[in-house]
Amino acid sequence: MFLDLLLGCSRFLNKVSGSIAMLLIVYILGHILLEIVLRLFGTSTYVLDEFVGYAVATLTFLGLGYSLERGSLIRVGLVIERVPESKRWLFDLFATLVSLAMFAWIYSYWQTNVVRSFNRGTTSQSIMETPLWIPQGLVLVGLGLLCFTLFTHALILLFRQQSPEIQSASGHSQEH
């Protein structure tokens, strides 16, 4: 029951973050097209590089949990394909826990940067003087969602001994 609630929450949050990432791609396209039109008239927004850079960083990190949940990240199966099917979950669990530890460390390091930028009032050196804690904070949200997704994935592997992608493909959960 708790695992189903956790998995449902993870899926919902990842769907929202994946949708935001998709909208950021549309924003990037729109901003580039606007810039092209403006340059035809000898002017510019003067923030294309900055804002598109923030959008790319944000959509990358917001999309990680969404991609992981759907099995869209690159996975090398050289070793795991040689392991009996019944034991593959152990390798998946190991990779998930190592990834969670690494991304949790990155999250804590990045959180320190966001707080420092906020406390110091650090801004970009562009014409917009964007407070840097805003784009940094959006990356932090993506890292947090990825950690939550990895944590949920690890719990499901531990208690159900199957991948959440396998569970969602079958349409029902199986208790072991």
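Here is a short back-and-forth about this predicted model.

Me: Which helix gives the largest share of the lining of the second largest pocket?
Reply: Start with the lining itself, which includes Leu24, Tyr27, Phe51, Tyr54, Ala55, Thr58 and Ile134. Three helices, α1 (2-40), α2 (48-69) and α4 (133-160), each put in at least two residues. The largest share is four residues, and the helix behind it is α2.

Me: And what volume does the second largest pocket have?
Reply: Its walls are made by residues such as Thr130, Pro135 and Leu138. The space comes out at a volume of about 160 Å³.

Me: How many charged residues are in the lining of that second largest pocket?
Reply: Go through the lining by type: eight residues are nonpolar. Another two are polar, Thr58 and Thr130 being in the list. That leaves the charged count, which is no residues.

Me: Which helix supplies the largest share of the largest nonpolar core?
Reply: The core has nine residues, among them Ala21, Leu24, Leu48, Val52 and Leu145. Both α1 and α2 supply at least two residues of this core. The largest share, five residues, comes from α2.

Me: How many residues are in the other core, the one apart from it?
Reply: Leu64, Leu68, Leu146 and Cys147 are among its members. The full count for that core is six residues.

Me: Leu48 is in the largest nonpolar core, so to speak; which residues is Leu48 in contact with, leaving aside neighbours within four places in sequence?
Reply: Leu48 sits in the list for the largest nonpolar core. With the sequence neighbours set aside, its contacts are His31, Ile32, Glu35 and Gly53.

Me: How far apart are the end C-alpha atoms of residues 138-159?
Reply: An unreviewed UniProt entry lists 138-159 under "transmembrane region", along with 20-39, 51-68 and 89-110. In the model, residues 51-68 are 100% helix and 0% strand, with end C-alpha atoms 26 Å apart. Residues 138-159 are also 100% helix and 0% strand, and there the end C-alpha atoms are separated by 32 Å.

Me: Is Thr149 buried or exposed?
Reply: Thr149 lies in helix α4. Beyond its neighbours within four places in sequence, Thr149 is in contact with Ser10, Asn14, Gly65, Leu68 and Glu69. Its relative accessible area is 5%, and the cut-off is under 20%, so Thr149 is buried.

Me: Which residues does Phe61 touch, not counting those up to four places away in sequence?
Reply: Phe61 is in helix α2, and at 24% relative accessible area it counts as partly exposed. Its C-alpha is 11 Å from that of Asn14, 47 residues away along the chain. As for what it touches, Phe61 has Val139, Gly142 and Leu143.

Me: Where is Tyr46, the non-glycine with a positive phi of about 65 degrees, placed?
Reply: Tyr46 has a relative accessible area of 56%, so it is exposed. Its place in the chain is the loop between α1 and α2.

Me: What is the phi of Glu129?
Reply: Glu129 is found in the loop between α3 (88-120) and α4. It is exposed, because its relative accessible area is 52% and the cut-off is over 50%. Glu129 is not a glycine, yet its phi is positive, at about 45 degrees.

Me: Is Gln136 buried or exposed?
Reply: Gln136 has its place in helix α4. Setting aside neighbours within four places in sequence, its contacts are Trp110, Asn113, Val114 and Ser117. The relative accessibility is 16%, so Gln136 counts as buried.

Me: How far apart in space are Trp110 and Glu69, C-alpha to C-alpha?
Reply: Trp110 is in helix α3 and is partly exposed, with a relative accessible area of 26%. Leaving aside neighbours within four places in sequence, Trp110 is in contact with Gln136, Val139, Leu140 and Leu143. Glu69 is 41 residues away in sequence, and the C-alpha distance is 23 Å.

How values were computed:
Residues numbered from 1 in each chain as written. Predicted model: local features only at pLDDT ≥ 70, side-chain atom pairs only at ≥ 80, totals over all residues. Heavy atoms only, no water. 1 Å grid on protein atoms, 1.4 Å probe; cavity = no way out; pocket = protein on both sides within 12 Å on 5 of 7 lines; lining within 4 Å. Points joined across faces, edges and corners; volume = space filled by probe spheres on them. Nonpolar A, V, L, I, M, F, W, Y, C, P; charged D, E, K, R; others polar. Core = buried A, V, L, I, M, F, W, Y, C linked by side-chain atoms within 4.5 Å. Buried < 20%, exposed > 50% of the residue type's maximum accessible area, 1.4 Å probe, protein only. Contact = heavy atoms within 4.5 Å. UniProt positions renumbered as here; feature names shortened; annotations may be inferred.
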